[in-house]
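Please open the model in your viewer and keep the sequence panel beside it. The stops below each begin with something to select and then say what is to be found there.

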Amino acid sequence: MILINYTASIQLLSTLIDYRGSEPYFAPMTPFERRKNIILRNEELESSGMGCKGCSGTCCTYEANSMMVTPVEAVELVEYLKHNNLFNDELKARLTETVSKYRLDQGLGNGKRSFIRRTYTCPFFGHSELGCPIPREVKPYGCIAFNSHHVELKAGEHCYSEKEILEEREKNDLDEQKLNEELKKKYSLWWDKVPMPVALLDFFR
Ligand code: SF4
Ligand code: SF4
């Protein structure tokens with residue numbers, strides 16, 4: 001079942017409208033709408049027996065994870081964490097430790113493109129439960145689109161992202177680039193895409 005966090009969607013929407021004053025010039029999609037096609041594909045694979053059950057979560061650890069996020073993805077995740085009282089000192093300490101341990105703040109260049117993609121164990125992985133505690137409608141796009149394509153082998157051997165569905169997601173959200181620019185201004189962000197822990201730490205400033 002898909003859990004839709006309406007509060008996170010509404011909060012993001014109202015934040016943007018406040019920022020622009022009384023005449024918003026476009027209505028942003030909700031976090032779920034933005035991810036709809038990749039969530040549906042994820043569910044389709046899961047219901048065909050190609051879910052992640054039985055895997056220790058290789059793709060969330062330093063063995064394979066190098067997830068980066070845009071301002072839109074970061075804000076949606078931060079709103080969700082705040083709404084659930086998870087944006088706290090404990091998270092800040094975990095993010096700081098991850099950034100330091102995997103040197104994620106090094107080699108970021110101008111924040112537009114990263115020439116070095118460092119891998120890291122995700123700070124959300126396996127803390128409260130084994131696996132990912134973040135709901136799909138606010139997860140980074142790349143996390144939702146990276147799926148198993150095999151019913152039995154579950155250690156990453158048959159796991160990959162389908163480029164076409166990520167491209168289709170981008171095509172569906174024509175305003176996303178504008179929204180990224182608005183959020184960069186609003187939160188004084190210097191980056192377009194950085195490793196997720198670096199992005200989230202920026203919101204503790
Ligand atoms: S957000 Fe969840 S799915 Fe993505 S890397 Fe972290 S633990 Fe894994
Ligand atoms: S996508 Fe693959 S490596 Fe990642 S948790 Fe699922 S089965 Fe494991």
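A residue is called buried here if 20 or more other C-beta atoms lie within 10 Å of its own, with C-beta atoms placed from the backbone. By that criterion, buried residues make up 31% of the 205 residues in the protein, in what is a predicted model.

**The whole chain**

Begin with a cartoon view of the protein, in which 8 helices and 4 strands can be picked out. Followed along the sequence, these elements come in the order α-α-β-α-α-α-β-β-α-α-β-α. If contacts with a separation of 6 or more are considered, 76% of them join residues that are 24 or more positions apart.

**The two ligands**

Select ligand 1 next, and display the residues around it: C60, N65, M67, C122, F124, F125, C132, I134, K139, P140 and C143. Sorted by class, this shell holds 9 nonpolar residues, 1 polar residue and 1 charged residue.

Then move to ligand 2, which is surrounded by 11 residues, the closest being C52, C55, C59, S148 and C159. Which strand gives the most to the shell around ligand 2? Colouring by element will point to strand β2, residues 146-148, which contributes 3 residues. The shell around ligand 2 consists of 5 nonpolar, 5 polar and 1 charged residues.

**Two helix pairs**

Select helix α2 (residues 31-50) together with helix α6 (residues 163-172), whose axes come within 8 Å and cross at roughly 150°. Since angles over 145 degrees count as roughly antiparallel, α2 and α6 are therefore described as roughly antiparallel to each other. To see the contact itself, show N37, I38 and R41 on α2, and on α6 show I165, L166, E168, R169 and N172. This contact of α2 with α6 comprises 3 nonpolar, 2 polar and 3 charged residues.

For the second pair, select helix α3 (residues 71-83) and helix α7 (residues 176-186), which pack at an angle of about 65° with their axes 8 Å apart. That angle makes α3 roughly perpendicular to α7. The residues to display here are P71, V72 and V75 from α3, and E176, L179, N180, L183 and K184 from α7. Divided by class, the contact of α3 with α7 has 5 nonpolar, 1 polar and 2 charged residues.

**The largest nonpolar core**

In soluble globular proteins, nonpolar side chains tend to be buried together. The largest nonpolar core of this model has 35 residues, and a good place to enter is the trio A74, A199 and L200, which touch the most other members. Colour by element once more, and β1 (68-69), α3, α4 (89-101), α5 (141-145), α7 and α8 will each be found to give two or more residues to this core. The largest share, 6 residues, comes from α3.

Now centre the view on A199: with neighbours within four places in sequence left aside, A199 is in contact with V69, A74 and V194.

**A last stop in helix α8**

Finish by selecting V198, which lies in helix α8, residues 196-202. Is V198 buried or exposed? V198 counts as buried, because 20 C-beta neighbours lie inside 10 Å. When residues up to four places away in sequence are not counted, V198 touches V99, L104 and D105. A distance drawn in the viewer from the C-alpha atom of V198 to that of A74 spans 9.9 Å, although these two residues are 124 residues apart along the chain.

Conventions
Residues are numbered from 1 along each chain as its sequence is written. Chains are lettered from A and ligands numbered from 1 in the order in which they are written. This is a predicted model: local features need pLDDT of at least 70, side-chain atom pairs count only at pLDDT 80 or more; totals for chains, interfaces and linings use all residues. A residue is near a molecule or strand if its C-beta atom, placed from the backbone, lies within 6 Å of it. Ala, Val, Leu, Ile, Met, Phe, Trp, Tyr, Cys and Pro count as nonpolar, Asp, Glu, Lys and Arg as charged, and the others, Gly among them, as polar. Axes are lines fitted to C-alpha atoms, for helices over the stretch in contact, and angles run from 0 to 180 degrees between N-to-C directions. Angles under 35 degrees count as roughly parallel, over 145 as roughly antiparallel, 65 to 115 as roughly perpendicular and the rest as oblique. Two residues are in contact if their C-beta atoms, placed from the backbone, lie within 7 Å. A residue is buried if 20 or more other C-beta atoms lie within 10 Å of its own, exposed if 12 or fewer, and partly exposed in between; C-beta atoms are placed from the backbone. A nonpolar core is a set of buried Ala, Val, Leu, Ile, Met, Phe, Trp, Tyr and Cys residues joined through C-beta atoms within 7 Å.
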